[in-house]
Amino acid sequence: MKPKSIQLATRFSLSALALGVLAACGGGSGGDIGIADGGIRGTGSSVGPVSGFGSVFVNGVRFETQDLNAQVQSDDGITTESELDEGMILRIDGEWRDDGTGTADAVEYDDTLRGEIESVTADPSGAGEFVEIVVMGQTVVVGQQTVVKGTTFTKLLSGSGDGLSVRASAWRQEDGSFRASYVGVIESTRDDVEIEGAIDDGSVQPGSFAINGVTVTYDSNVEFGEGVSESDLVAGRLFEVEGDYTSGTLHAREIEREDFRRYSRASDDDIEFTSTIQEAFSSTGSGAQTGEFRMSNLVVRVTEETEFDDGLTVADLKQGILIQVEGEFADDGTVVAEEVDLRESNAELEGAVTNASVNLSERTLAVGGVRIMVTPQTIITDDDDARIKLENLIGFYEVEVEGIEREDDNGNVFLEAVKIEREELETGEDDGFQLTGRLRGMNLFDIDVLGVRINLNVDTEFDGIGRDELQDRVDNRELPVVEVEYDRRTNGTFLAEEIELEEDDDDSSPTAITGCP
């Protein structure tokens, strides 16, 4: 496993310096983000990835869908809740409450892209952080937080996948690529494809245009979406096109506005949405902590009343970062942010989960000595189509956890799980672990990473940095990111086999993070 600096060849980037502050200066409550006792918190639209079922969980809220008979508004072959998958980006119109429950008046899903994979390119650094797939001429970045169904991230990383038909639910990036929240293999789809993008310069002709080099033709039978007409088809504008694909040409049945429409204002003013940042925060007015940034084509305003996730600051609001915003539409169409929370993972863990380590009442589990908090926003998945809950981790399984390094009010470090992927545990593999996190303590005998104390001995290997230099950094109150491979010994303690300084994998990231004063 590799660190979550997420410097993905500028496709989507995460400031390692900013996340160092989050890792060092915690104080979180354990994952109950924005949830407290009380009444209605918002009425409007909630847009974000599905994180669970039993009704539908979106943005940490369990939305009841009983009155809808589990019906989903979609023209992409998904009509019921049972056909949804974790990671699919939904729009829910309704209300949500302070206790983390809500009521859905409407549930809407729309594929971002649907078509054949034309090429697969793995992370050129060799770190295994991401894969770029090209679907109908559109570049889609698949990372380790992406939910992958019908194939696996590992298979994509190995270069396989050409020719597979997939549907992708994703966020459009400023450079025109997409960051996938979900990628699922479907049956051959040449007669029912969907692409999204900007019309190419110089490509508009009577009855045709092009998106990223893909020729689109249409005739008088084409159906234009609400607010769209043929006169709107000009270079540079974003559209979504559905139709059939033959001989390199997409014959359009429908042409409508791009996926940003799912973030549009409802009849009510409140909005809660998860997305990546398109334009970084810039200060406005007299205060350095007030200003605005842009995500999902909405301008988000930060005021003195905006509440930030523990340790998060406006300096962390960089292009490409995945965050969640709850706010209210202003008269000018901007969103005034009430809360801003991080949804980007910055730590990792891999190893066996034991029956005794799963605590259903506290919503926690332990892997390799690391305490993991499962929240309503945690996605739990596996290679199959089964819907996984925390109780389904009880058994003989290995898990890979992408998460956010946190501290509780007592200074205890834990991992808030963003995504947990379950795999069958191979015989004899239950005592080996890997983790990536901030090195918070070190002496001659052991290290402290992600809240677990791991012993050192003369056989512990150091990669990318010498033991003395690493000790100096810790003594200087730096918090370097390290990857640790370690084993559990028969007496229950842990022993480090190898320690690797992770920032050296990415020259664009700083090699250490200054600790809190």
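**A walk through the model, starting at the pocket**

Let's begin with strand β1, residues 40-53, which gives the most to the lining of the largest pocket, with three residues. That pocket holds about 460 Å³ of space. Its lining is made up of 24 residues, and Phe53, Phe57, Arg363, Thr375 and Pro376 are the ones closest to the centre. If you sort the lining by class, you get an even split: eight nonpolar, eight polar and eight charged residues.

Before going further, keep in mind that you're looking at a predicted model. How confident is the predictor, on average, across the protein? The average pLDDT is 87, and 89% of the residues score at least 70. Two stretches deserve some caution, though. Over residues 1-38 the pLDDT stays under 50, and the model has 132 contacts beyond four places in sequence for that stretch. Residues 504-517 also stay under 50, with 37 such contacts in the model. Where pLDDT is low, the predicted coordinates shouldn't be read in detail.

Now step back and take in the whole chain. The secondary structure comes to three helices and 35 strands. Of the protein's 517 residues, 57% count as buried. Looking at contacts with a separation of 6 or more, 65% of them are between residues 24 or more positions apart.

Next, the inside. In soluble globular proteins, nonpolar side chains tend to be buried together. Here the largest nonpolar core has 39 residues, and the members that touch the most others are Leu365, Leu435 and Val484. Another core, of 35 residues, lies apart from it; Ile117, Val120, Leu233 and Ile255 are among its members.

Finally, zoom in on one residue, leucine 444. You'll find leucine 444 in the loop between β30 (432-442) and β31 (446-449). Is this leucine buried or exposed? Its relative accessibility is 64%, so leucine 444 counts as exposed, the cut-off being over 50%. What does leucine 444 touch, leaving aside its neighbours within four places in sequence? The answer is Leu456, Arg467 and Gln471. You can also look across to aspartate 468, which sits 24 residues from leucine 444 along the chain, with 9.9 Å between the two C-alpha atoms.

Technical notes. Residues numbered from 1 in each chain as written. Predicted model: local features only at pLDDT ≥ 70, side-chain atom pairs only at ≥ 80, totals over all residues. Heavy atoms only, no water. Core = buried A, V, L, I, M, F, W, Y, C linked by side-chain atoms within 4.5 Å. Buried < 20%, exposed > 50% of the residue type's maximum accessible area, 1.4 Å probe, protein only. pLDDT = per-residue confidence, 0-100. Contact = heavy atoms within 4.5 Å. 1 Å grid on protein atoms, 1.4 Å probe; cavity = no way out; pocket = protein on both sides within 12 Å on 5 of 7 lines; lining within 4 Å. Points joined across faces, edges and corners; volume = space filled by probe spheres on them. Helix = DSSP H or I, 4+ residues; strand = E, 2+ residues; numbered from the N terminus. Nonpolar A, V, L, I, M, F, W, Y, C, P; charged D, E, K, R; others polar.
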